[in-house]
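Please walk me through this model in the viewer, one selection at a time. Say what to pick next and what is found there.

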There are 2 protein chains.
Amino acid sequence: MADQLSRVFAALADPTRRDLVARLTATDATVNELAEPYDVSVQAISKHLKVLEEAGLVTKSRKAQTRPVHLEAEVFDLMTAWIERYRRRAEQRYRRLDAVLADMKDAEADRLGSSTTPPQEGRAS
Amino acid sequence: MADQLSRVFAALADPTRRDLVARLTATDATVNELAEPYDVSVQAISKHLKVLEEAGLVTKSRKAQTRPVHLEAEVFDLMTAWIERYRRRAEQRYRRLDAVLADMKDAEADRLGSSTTPPQEGRAS
């Protein structure tokens, strides 16, 4: 799985491949149809599709003679699961840091409030 | 932005770099601290960190002498925005396809129901 995750991230690290994926969300399409709008050869698009296929992001129909390319959108879940897991952890950490900072502020306010000397001008925040 | 998106995807297409990001969700850490658990040189980890830094995923503190590495977790949003946009489109398409198939089934049922001749065995689904 870790390896497929690397392949999926690598596959989407190219604007043309991301564009192919975006177009395949609308409809299945043949390699020729997919290559049509780009200023590159069908062979170049075939290579990009191979990278997407090896990452599991697209499949080619084995039935039809034209073998249209089909998006396997559920592979997105691999990435979002990874991203969400660590985003949540980072958020929890920031929330804990905020709490610590708030506690420190409260403690400082208490210290200044109970102090017999007024807070010094130069040190006031 | 498209370029940063490519860099972020490429940066996470490596298991060691994903592991570094995962560890930085817990706490900021120096390059030496980050390199410690791996069986590779500090230089190799520095290179990985450079890739993460160029993608905007981590920053190094300019203040402290040890220059701890800090995760910029909000960069995850770039990826999730892209992924969610196309996942939603793909889902809408499948939902439309399901609706079309349901309509076809209903029409076929109506045709068979109102037909004066019984459905032919060989053609029944």
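Select B:Glu108 and B:Arg111 in this predicted model. The two side chains form a salt bridge, with the closest N and O atoms 3.3 Å apart. Both residues belong to helix H5 of chain B and are three residues apart, so about one helical turn separates them. B:Glu108 counts as partly exposed at 37% relative accessibility, and B:Arg111 is also partly exposed, at 48%. While chain B is in view, add B:Glu84 and B:Arg87 together with A:Asp77: salt bridges with shared partners join these three residues into one network.

Go next to A:Glu108 and A:Arg111. Here too there is a salt bridge, and its closest N and O atoms are 3.3 Å apart. The pair sits in helix H5 of chain A, three residues apart, and is therefore separated by about one helical turn. A:Glu108 has a relative accessible area of 38% and is partly exposed; A:Arg111 is partly exposed at 48%.

Stay on helix H5 of chain A, which covers residues 76-114, and select A:Val100 within it. A:Val100 is partly exposed, its relative accessible area being 44%. Add A:Leu101 and A:Met104 to the selection: with A:Val100 they make a nonpolar surface patch of about 300 Å².

Now show both chains and pick B:Arg93. Is this residue buried or exposed? B:Arg93 is buried, with a relative accessible area of 9%. It is placed in helix H5 of chain B, residues 76-114. Leaving aside neighbours within four places in sequence, the residues in contact with B:Arg93 are A:Leu24, A:Thr25, A:Ala26, A:Thr27 and A:Asp28. With A:Asp28 there is also a salt bridge, the closest N and O atoms being 2.9 Å apart. A:Asp28 lies in the loop between helix H2 (15-24) and helix H3 (31-35) of chain A, whereas B:Arg93 lies in helix H5 of chain B, so the pair joins two chains. A:Asp28 is partly exposed, at 27% relative accessible area.

Widen the selection to the whole interface of chain A and chain B. How many residues does each chain bring to the contact? Chain A gives 33 residues and chain B gives 33 residues. The size of an interface is often expressed as the accessible area lost when the parts come together. Between chain A and chain B about 2800 Å² is buried, and carbon and sulfur atoms give 63% of that area. Four salt bridges are found across this interface; a search of the whole structure, over all chains, finds eight.

For the last stop, hide chain B and colour chain A by domain: domain 1 is 2-71 and domain 2 is 73-114. Their contact takes ten residues from domain 1 of chain A and seven residues from domain 2 of chain A. The C-alpha centres of the two domains of chain A lie 38 Å apart. Domain 1 and domain 2 of chain A bury about 740 Å² between them, with 87% of it on carbon and sulfur atoms. Select A:Leu5, A:Phe9 and A:Leu71 to see the residues that supply 51% of the area domain 1 of chain A buries against domain 2, more than any other three residues. The count of salt bridges between these two domains of chain A is zero.

Methods: Residues are numbered from 1 along each chain as its sequence is written. Chains are lettered from A and ligands numbered from 1 in the order in which they are written. This is a predicted model: local features need pLDDT of at least 70, side-chain atom pairs count only at pLDDT 80 or more; totals for chains, interfaces and linings use all residues. Side-chain values use heavy atoms; hydrogens and water are left out. Patches are made of residues with over 30% relative accessible area and no salt bridge: like charges are joined within 9 Å, nonpolar side chains (Val, Leu, Ile, Met, Phe, Trp, Tyr) within 5 Å. Accessible areas come from the Shrake-Rupley method with a 1.4 Å probe; for residues, only the protein chains shown count as cover. Helices (H or I, at least four residues) and strands (E, at least two) are DSSP runs, numbered from the N terminus. Buried means under 20% relative accessible area, exposed over 50%, partly exposed in between (1.4 Å probe, protein chains only). Domain bounds come from an automatic or database domain assignment. Contact means heavy atoms within 4.5 Å. Buried area is the accessible area (1.4 Å probe) that two parts lose on being put together, summed over both.
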